[in-house]
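Dear colleague,

Please find below the structure that I am handing over to you. The notes that follow it set out what was found, and I should be grateful if you would read them alongside the coordinates.

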Amino acid sequence: SDVGATAQRSRAPNGDPGYMSRVLKNYTEHACDGEYISLRCPHRTTISIQSSFYGRKAPSHQMCPSRYGQSFKDIEMEDLSCSAVTSLQKMLDECQDRRSCQLLVNSRIFGTDPCPGTSKYLIVWYKCRPRWRQAGKEALQGRSGGKA
């Protein structure tokens, strides 16, 4: 039965479009407001954004404490259900299909501040896809675009 499983595994990339997404390693990066976030992939691979979150879910004593002194009242007033809906699209625009990208994290890059007065952070989940996949796709798109 081992031989059958090996044969099946070797056929999977062609028969299963989700195969690459599942086998590729997941990377996670995070940065607080005012810091740079850097996404980077190895040679011959490019960034494939899986998910992105900008806002605050965890209290500041657990993640990204405010750079300014916080009183107990400030911490009590912290918004813990705050997120920017534009986060994923922004990361796709800035980083998708590149080998690396770097962004200074602050609410302005995501549009309207989802929770003014609360310090926020960005978390990005991504994979590094082999570059040959994109090359084939771009070549096909170029050909179909020429007919129009």
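Are Cys32 and Cys64 buried or exposed? Both of these cysteines are buried. Please bear in mind throughout that this is a predicted model.

**Disulfides**

Four disulfides are found when the whole structure is searched. With the bonded cysteines of the protein chain numbered in sequence order, they pair as 1-3, 2-8, 4-7 and 5-6.

One of the four is the bond between Cys32 and Cys64, whose sulfur atoms lie 2.0 Å apart. The torsion about this S-S bond is about -80°, so the disulfide of Cys32 and Cys64 is left-handed. It links distant parts of the chain, since Cys32 belongs to strand S1 while Cys64 sits in the loop between S3 and helix H3 (72-77), 32 residues apart.

Another disulfide connects Cys82 and Cys115, with an S to S distance of 1.9 Å. This link is also described as left-handed, with -65° about the S-S bond. Cys82 lies in strand S4 and Cys115 in the loop between S5 and S6, so the bond ties together parts that are 33 residues apart in sequence. Cys82 is buried at a relative accessible area of 3%, and for Cys115, likewise buried, the value is 3%.

A further disulfide joins Cys95 to Cys101, again with an S to S distance of 1.9 Å. The link of Cys95 and Cys101 is right-handed, with 90° about the S-S bond. Cys95 and Cys101 are both buried.

**Strands**

Strand S3 covers residues 45-56, and 10 of its 12 residues are buried. S3 pairs with strand S6 (residues 121-130) in the antiparallel sense, over 10 bridges. Within this pairing, Ser48 has Lys127 of S6 as its bridge partner, and Ile47 stands opposite Cys128 in S6.

S3 also pairs with strand S4 (residues 82-83): the two run antiparallel and are joined by two bridges. Here Arg56 stands opposite Cys82 of S4, and Cys82 is the residue that is disulfide-bonded to Cys115.

Strand S6 has a further antiparallel partner in strand S1 (residues 27-32), to which six bridges join it. His30 has Ile123 of S6 as its bridge partner. Nine of the 10 residues of S6 are buried, so this strand is largely enclosed by the rest of the structure.

**Helix H4**

Which residues of helix H4 (residues 87-95) are buried? They are Ser87, Met91 and Cys95. Seen down the axis of H4, these buried residues fall within an arc of 35°, so they line one face of the helix. In an α-helix there are 3.6 residues a turn, so residues three or four places apart point the same way.

The buried residues of H4 pack against strands S2 (36-40), S3, S5 (100-104) and S6. Cys95, one of these buried residues, is disulfide-bonded to Cys101. H4 is followed by Asp97, which has a positive phi, near 65°.

**In brief**

S6 bridges to both S3 and S1, and the buried residues of H4 pack against S3 and S6 among other strands. The disulfide of Cys32 and Cys64 is left-handed, as is that of Cys82 and Cys115, whereas that of Cys95 and Cys101 is right-handed.

With kind regards

Note on methods. Residues are numbered from 1 along each chain as its sequence is written. This is a predicted model: local features need pLDDT of at least 70, side-chain atom pairs count only at pLDDT 80 or more; totals for chains, interfaces and linings use all residues. Side-chain values use heavy atoms; hydrogens and water are left out. Buried means under 20% relative accessible area, exposed over 50%, partly exposed in between (1.4 Å probe, protein chains only). Helices (H or I, at least four residues) and strands (E, at least two) are DSSP runs, numbered from the N terminus. Two strands pair if DSSP finds at least two bridges between them. The arc is that of the directions from the helix axis to the C-beta atoms. Contact means heavy atoms within 4.5 Å. A disulfide is a pair of cysteine sulfur atoms within 2.5 Å.
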